[in-house]
Amino acid sequence: LFETRHEGSYVKRNVGGKVPLGVMRKSLRIVVTGGAGFVGSHLVDRLIERGDSVIVVDNFFTGRKENLAQHFGNPKFELIRHDVVEPILLEVDQIYHLACPASPVHYKFNPVKTIKTNVVGTLNMLGLAKRVGARFLLTSTSEVYGDPLQHPQAETYWGNVNPIGVRSCYDEGKRTAETLTMDYHRGLGIEVRIARIFNTYGPRMCIDDGRVVSNFVAQALRKEPLTVYGDGKQTRSFQYVSDLVEGLMRLMEGDHVGPFNLGNPGEFTMLELAEVVQETIDPNAKIEFRPNTEDDPHMRKPDISKAKELLGWEPTVSLHKGLPLMVADFRKRIFGDEKDGGS
Ligand code: NAD
Ligand code: UDP
Ligand code: UDP
């Protein structure tokens, strides 16, 4: 910690810490694991825009270089192909730890790898934080609440998770990652932050990742039926990616460890979501029912009172406003720049 004079005021510089708005801040060195993925790449855009140096660590399992191509050639940006399950030595001030597949189809593809990524990968990033004194942020998930028996879910709820189910590589993996994070904090004094992220959508999602928003949008654009799993009455709450990135940055810069729910409380059944997609893309899109997947949570909606109060954060983009922004991106990627996809 030291002080510097700028524009007549003394500003405390604390590398991992909070910097008052409106005063010049030291440029930080930040590592974003999973930065080539959907959420990570949007976060990197904001950090670079803010003037920080960013190192992305990614094994490209679900991420793509294309998501970061806008930063190639920028001396403040570095991309390292690396698997977080292996140790890595870096010198940084902050660690945003996102590396982990997020779509059920992706995380069930190699469940042992998923839990290793969550446990060993998180351990390595906490070891890194300890060695260099960096602040560490974990992107946990609403899946820690499992098939919740409380609705909406507040951070105080301990969850209802099947420890031996097909989703447990992810949800138990993230629960263990939270435990590791808190134990490094309590036992070793590491500065940590925990975000519990609810379903998020937006441009750069993998087109065929099997998640409901990407499936419905791609299906409607391709003139295929929208596949509703089960009776379609299960609910989710959908957050636009820019709201999430704002929440993650406020959490990292703020004074509170968390966990904090970051999600949009607007709750929809899958049938209601299908209707919004029909209105946005193709009113004639058909709906086809398919069997649901095992252990699918029946409902999910964040209680965001804590983030509102302590981070001054709440989402600003509704599904009706956010979906068209994602559709434009999917249209381009599915049909190319030239065609409009016929609708
Ligand atoms: P994503 O799959 O697009 O991004 C994950 C990134 O991590 C990819 O670039 C992937 O290549 C990389 N990765 C995976 N395993 C890795 C490993 N072992 N080593 C290095 N890199 C690895 O997913 P996303 O939606 O951007 O999710 C980012 C984070 O947010 C994840 O931790 C996820 O669990 C969490 N999250 C996301 C959502 C959501 O709705 N998108 C919801 C809850 C939590
Ligand atoms: N680690 C890492 N980079 C570092 C420091 C540590 O990847 O800069 C890894 C290290 O290899 C170990 C893990 O983080 O597997 C936990 O490190 P810690 O020092 O906390 O534990 P220890 O090595 O003492 O078991
Ligand atoms: N779902 C659906 N059709 C699809 C894909 C998913 O009805 O094509 C349902 C799925 O059964 C679940 C919800 O949509 O109830 C959200 O699934 P997703 O995989 O997007 O994320 P989750 O919240 O389960 O991690």
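These questions and answers go through how some labels for this predicted model are earned. Residues are numbered from 1 along each chain as its sequence is written, and chains are lettered from A and ligands numbered from 1 in the order in which they are written. Since the model is predicted, local features need pLDDT of at least 70 and side-chain atom pairs count only at pLDDT 80 or more, while totals for chains, interfaces and linings use all residues.

Q: Why is Ser 27 called exposed?
A: It comes down to a count of C-beta atoms, placed from the backbone: 20 or more others within 10 Å of a residue's own makes it buried, 12 or fewer makes it exposed, and in between it is partly exposed. Ser 27 has 12 other C-beta atoms within 10 Å, so it is exposed. As for where it sits, Ser 27 is in the loop between β2 (9–13) and β3 (29–33); helices here are DSSP runs of H or I with at least four residues, strands are runs of E with at least two, and both are numbered from the N terminus.

Q: What makes Thr 33 buried?
A: Thr 33 has 30 other C-beta atoms within 10 Å, so it goes down as buried. This residue lies in strand β3.

Q: Which residues count as being in contact with Ser 27, and which with Thr 33?
A: Contact means that the two C-beta atoms, placed from the backbone, lie within 7 Å. Setting aside neighbours within four places in sequence, Ser 27 touches Gly 51, Asp 52 and Ser 53. With the same neighbours left out, Thr 33 has Val 57, Val 84, His 97, Leu 98, Ala 99 and Met 125. In C-alpha terms, Ser 27 and Gly 51 are 6.2 Å apart in space and 24 residues apart in sequence.

Q: How do you know that β6 and β7 pair?
A: Two strands pair if DSSP finds at least two bridges between them. Strand β6 (residues 94–97) and β7 have four bridges, in the parallel sense. Among the bridge partners, Tyr 96 goes with Leu 137 and His 97 with Leu 138.

Q: What other pairings are there around these strands?
A: β3 and β6 are parallel over four bridges, with Val 32 opposite Tyr 96. Strand β7 is joined to strand β8 (residues 192–197) by six parallel bridges, and Thr 141 stands opposite Ile 197 there. Three bridges link β8 to β13, again parallel.

Q: Why do β5 and β13 count as edges of the sheet?
A: The open sheet has seven strands in the order β5-β4-β3-β6-β7-β8-β13, with parallel pairing. β5 (77–81) and β13 (260–262) each have a single partner strand, so one side of each has no neighbour in the sheet. On average, neighbouring strands are turned by 20° against each other, direction ignored.

Q: What makes both faces of β7 covered?
A: In a regular strand the side chains alternate between the two faces of the sheet. On one side of β7, Arg 135, Leu 137, Thr 139 and Thr 141 are buried, and on the other Phe 136, Leu 138 and Ser 140 are too. That is seven of seven residues in strand β7 (residues 135–141).

Q: Why is helix α5 described as largely enclosed?
A: Nine of the ten residues of α5 (residues 212–221) are buried, so the rest of the structure largely encloses this helix. Those buried residues pack against β9 (200–201), β10 (226–229), β11 (235–237), α7 (270–280) and α9 (319–335).

Q: What is the angle between α1 and α6, and which hand does their crossing have?
A: Axes are lines fitted to C-alpha atoms, for helices over the stretch in contact, and angles run from 0 to 180 degrees between N-to-C directions. On that basis helix α1 (residues 38–49) and helix α6 (residues 241–253) pack at about 65°, with axes 10 Å apart. A crossing is left-handed if the near helix is turned anticlockwise from the far one by less than a right angle, and right-handed if clockwise; α1 passes α6 in a right-handed crossing.
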